[in-house]
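I opened the file today to look up charge pairs, backbone angles, one helix and the internal space. My notes follow in the order I took them.

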Amino acid sequence: MPNNQPTANSNLVISNHITDMLDDLPQSHFLNDETLKNNDRLRQQMHDDLIDSYDEEIESEMDDYIQDLRYDGQPLTDSQKIARHIYFNELIRLQKELIKLQDWVVATGERIVVIFEGRDSAGKGGAIKRITQRLNPRVCRVAALPAPNDREKTQWYFQRYVAHLPAAGEIVLFDRSWYNRAGVERVMGFCTDAQYEEFFESVPEFERMLVRSGIRLIKYWFSISDDEQESRFMSRIYDPLKQWKLSPMDLESRRRWEDYTKAKEVMFERTHIPEARWWVVEGDDKKKARLNCINHLLSQIPYQEIQRDNVVLPEREHHDNYQREPIGEDMYVPNVY
């Protein structure tokens, strides 16, 4: 059985993070807040709530060690423990910066589009999840479009993607994008040669048009080695929590590895333009890929921290004539746990 050291390390990082949060509070405001002053019960409840908000995310990160079939059941080495500790520290630090970015986008009315492309199982979804994990979904949303329906197939190719572009104060992350035509549609024969060629004629000007309109456009390609993709696919086959990630199209992409490589090379050659260049994320190490991607994304945008006004929770009003109506026992969810 795997030991529980990662959880201990992870909890230590979270505990340190909560301590840092309290330290960051303006001390005069914190100590003079009558709601918190000498109220140990409320402070403990606040602490428990903060811990609870991170529990599921710790379990999600543990998935990389426990659920992956490559894990040999042996205790983590000292270097692995240190690396994991650093990962959590850096992830939380970067996510704090993402919140600053979010505030800046809202305050300035910026519009940001980030495109995530790459091999199947290369880690696009994991990176997107860590970016959006602590952000407001009304500000930062993910566009993951299904295959086009019969009506959409007759539209201008970019039409259904345009509908998901951001308005002022929004960030949109495309989990695959209009580059489907340069990849899966080309390899699998879902588009004609004429449609494929028209795409390459149109997409540079389409992206220049987006940039001229004021949209910040950033494009990432997640790269993964042949051996690493094989091991991740095998993990998905035998892990019941991951089997949903493995579609027939994914299996076919494994067989057509070289075709996808050729398609990617053509795509880079014809769409790597100064206004919207490609950035390659090496994805064999999932955690490094996530940190590197988030760090680079932040470096591409000249955001600044927006100062927030201190929030004061108003006193709850009490009225003598108020009486809470009873709720029928049959309306409660059973307490199974």
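**Entry 1: salt bridges**

I started with glutamate 90, which pairs with arginine 93 in a salt bridge whose closest N and O atoms are 2.8 Å apart. This is a predicted model, so I treat the distance as a computed value. Why can these two meet? Both sit in helix α4, three residues apart, which puts about one helical turn between them. I noted the general point that an α-helix has 3.6 residues a turn, so residues three or four places apart point the same way. I then checked exposure: glutamate 90 is partly exposed at 27% relative accessible area, and arginine 93 is partly exposed at 38%.

Next I looked up lysine 219, which forms a salt bridge with glutamate 207, with 2.9 Å between the closest N and O atoms. Lysine 219 belongs to strand β4 (residues 215-223) and glutamate 207 to helix α9 (residues 193-212), so this pair ties together parts twelve residues apart in sequence. Buried or exposed? I found both lysine 219 and glutamate 207 buried.

The third pair I looked up is arginine 232 with glutamate 228, again a salt bridge, with the closest N and O atoms 2.9 Å apart. These two are four residues apart in helix α10, so about one helical turn separates them. Arginine 232 is buried at 5% relative accessible area, and glutamate 228 is buried at 13%. I also recorded a network: Glu205, Arg208, Arg212 and Glu275 are joined by salt bridges that share partners. For the whole model I get a count of 21 salt bridges.

**Entry 2: helix α10**

Having met α10 through its salt bridge, I looked at the helix itself. It covers residues 226-238, which is 13 residues. From first C-alpha to last, α10 reaches 19 Å, close to the 18 Å expected at 1.5 Å a residue.

Which residues of α10 are buried? I listed Glu228, Gln229, Ser231, Arg232, Phe233, Ser235 and Arg236. I then asked what covers these buried residues of α10. The cover includes α11 (248-255), α12 (257-271) and α13 (286-299).

**Entry 3: proline 274**

I went on to the loop between α12 and β5 (278-282), where proline 274 is placed. Proline 274 is exposed, with a relative accessible area of 76%. How far is proline 274 from arginine 208? In sequence they are 66 residues apart, and in space 9.3 Å, C-alpha to C-alpha. Arginine 208 is one of the residues in the salt-bridge network I recorded in the first entry.

**Entry 4: positive phi**

I checked backbone angles next. As a general matter, most residues other than glycine have a negative phi. Serine 121 is not a glycine, yet its phi is positive, at about 75°. I placed serine 121 in the loop between β1 and α5 (124-132). At 7% relative accessibility it counts as buried, the cut-off being under 20%.

Arginine 176 also has a positive phi, near 75°, and is likewise a residue other than glycine. Its place is the loop between β3 and α8 (184-188). Is arginine 176 buried or partly exposed? I found arginine 176 partly exposed, with a relative accessible area of 24%.

**Entry 5: cavities**

I asked how many cavities of 30 Å³ or more the structure holds. There are two. I followed up the second largest, which has a volume of about 50 Å³.

Its lining consists of Leu98, Leu101, Ile112, Val114, Ile131, Leu135, Cys140, Ile171, Leu173, Leu297 and Ile301. I noted that α4 (78-108), β1 (111-118) and β3 (170-175) each supply at least two residues of this lining. α4 is also the helix that holds glutamate 90 and arginine 93. By class, the lining of the second largest cavity has eleven nonpolar residues, no polar and no charged.

**Entry 6: whole chain**

Last, I took the overall counts. The protein has 13 helices and five strands. Of its 337 residues, 40% count as buried. I also looked at contacts between residues at least 6 apart in sequence: 78% of them join residues at least 24 apart.

Definitions and conventions. Residues numbered from 1 in each chain as written. Predicted model: local features only at pLDDT ≥ 70, side-chain atom pairs only at ≥ 80, totals over all residues. Heavy atoms only, no water. Expected span 1.5 Å × (residues − 1). Buried < 20%, exposed > 50% of the residue type's maximum accessible area, 1.4 Å probe, protein only. Contact = heavy atoms within 4.5 Å. 1 Å grid on protein atoms, 1.4 Å probe; cavity = no way out; pocket = protein on both sides within 12 Å on 5 of 7 lines; lining within 4 Å. Points joined across faces, edges and corners; volume = space filled by probe spheres on them. Nonpolar A, V, L, I, M, F, W, Y, C, P; charged D, E, K, R; others polar. Salt bridge = Lys/Arg side-chain N within 4 Å of Asp/Glu carboxyl O.
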